[in-house]
Amino acid sequence: MSGRDTIGFRVHPAKLENLRMKIQHRLRAAVAAVAVGAVVVLSGCSSWIPDQDPNQNPANSSSSSVPDPAPVTGPAGVVPASFEEIYNQDVEWTKCGGGAFQCADIQVPLDWDNPDSESITIAAQRYNAREKAMGTILVNPGGPGGSGIDLVSYAPAVFGRELLKNYNILGFDPRGVGQSEPITCLEPAEMDRFLATSYGELTEDLLVKATEEQKKFGQACAKNSGAILGEVDTQSAAKDMDLMRAVVGDEKLNYLGFSYGTQLGATYAGIYPENVGKMVLDGAIDLRLTSHAQSLQQAVGFENALRAFVTDCQTRSDCVLQGSVDDGMKQIDQLLSGLLANPMPTDHEGRVLTQNLGFYGMAQPLYAEPLWAMLRAALTEAIMANDGSSLLELSDMYFGREDDGTYADNSFEAFTAINCLDSREDADFATMQAENAEIIKAAPVMGKFFGFGAAGCADWPYPEAPQDFDLSAKGAAPIMVIGTTNDPATPYIWAEGLSEQLESGFLVTHVGEGHTAYGQGSACIVEVVDDYFVNGTIPAKDPECK
């Protein structure tokens, strides 16, 4: 689990509604089967999306009401030496997706260290400003491995009106991701087996088995992906963003990054501080931390989020968790522990809920408070009826697994490949065992799923990419860093750290639950972010938005 930071609200609302209805229907049957008198009624799961304007949704937007962006005749800003030709490429934008959307393929070098490198394609989609554009904002949803094309598709529904009125919003799939040159590793059936495998508490012998599985995964990635597998590090993706900045005609990069997208944005600022325009980093990652420190603090973040869920659950009549909050945490711990030896049956043919899948099924709803109702229902089904179907579906939502057994994207493969190029740590068993004990002590329920992360990259087919940029981004324009106080995936302390790390960073706090803040329901956050992008306003003090 360590480091994974998929953003909950990026899941399409229609998918959430379908899953909500399936869980509700199944739970009613399960409740009847065990003769429980009350029926759980789940609340809708798209209600937390703010500023929704049905007239501007992709499905019903009118292209005639939105101006096309001004034509671009050449690159803007400084062009890196030896890359003049690719910076001067002609990019053809064509209408796509209905309404005010345009798509393009942008060429970037496969290897930024080699001016003679072959090029690869970065797929991009742009939502044009509703009025005259001040410029373009590049967006990244996180992961690593999340699709910016998917994110920009939701922009009309989740971004602030002032932002949409004044800027073109450009989403792209980073190298190795989605519609760009993709990482490819396993066939769906093999991916099912790989993700379902659980090891429990790792002995030295079990660690050998787990490391061998990871090695085979990496070998499959190398066989099926080719040279791109060694070129998907974050610094290379940041250099791609500078090329995109230039070809859309902007002197400075305007950027909105969520979760891992904050690492990508901070890396860009460290490489090109003079090119930073308006930059917002939401759900921040502190780049100074070791992988172990990140795992430890993320485990505590999920432990705190789970405790908040249990506290809320026990105020409701449909909560299956009894006694005190500590008692409720123990019930969940017992459920997860029991899955190791006894995977739970489901109504998905040929599939059971293993411990690993059970953990992800619980982790997914902790990303956004409106998903807690789904988790309450899934826990009721599992505890009362020994049925893991709903937890399995929540896990599938996390990994992008479709009902037909295929995977909607390659986010897991890209996540692993990018992380393994960005950083490695000591895979010595004794070292990892000591670190694991520290994590479990700090997060007794969730911590057992965050240890031994170094083993995942120990035998990766390509070496770690050298880190060569200024962590402080000295000389960059002011950069907004947003942290949510009980964010499970990117703990608030990381936002404090990144805002301190960046010479020009300033902190905006969202007091609340869930992962990331912009577009999650806080009108205050939307106002602060939009005012910064449109008017350049920097709050005199942290607004501590709710």
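A residue is called buried here when its relative accessible area is under 20%. In this predicted model, Y367 meets that definition, because its relative accessible area is 0%.

A good place to begin is with the aromatic rings, which form 23 pairs in the structure. One of them joins Y167 to F533 in an edge-to-face arrangement, with 5.9 Å from centre to centre and 70° between the planes. Y167 belongs to strand 5 (residues 167-172), while F533 belongs to helix 18 (residues 523-535), so this contact ties together parts of the chain that are 366 residues apart in sequence. Both partners are tucked away from solvent: Y167 is buried at a relative accessible area of 3%, and F533 is buried at 0%.

Y367 itself takes part in another edge-to-face pair, with F302 as its partner; the centres are 5.7 Å apart and the planes make an angle of 70°. Here too, distant parts of the chain are linked: F302 sits in helix 10 (residues 291-313), and Y367 lies in the loop between helix 12 (355-363) and helix 13 (372-385), 65 residues apart. Like Y367, which has a relative accessible area of 0%, F302 is buried, with a value of 0%.

The F302 and Y367 rings also belong to a wider cluster linked by ring pairs. Its other members are F194, F217, F359, Y360, Y398, F399, F412, F449, F450 and W460.

A contact of another kind involves a charge and a ring. The charged end of R126 is placed over the ring of W93, at 4.0 Å from the ring centre.

Terms used:
Residues numbered from 1 in each chain as written. Predicted model: local features only at pLDDT ≥ 70, side-chain atom pairs only at ≥ 80, totals over all residues. Heavy atoms only, no water. Phe/Tyr/Trp six-rings, centres within 6.5 Å; stacked < 30°, edge-to-face > 60°. Helix = DSSP H or I, 4+ residues; strand = E, 2+ residues; numbered from the N terminus. Buried < 20%, exposed > 50% of the residue type's maximum accessible area, 1.4 Å probe, protein only. Lys NZ or Arg CZ within 6 Å of the ring centre and 35° of its normal.
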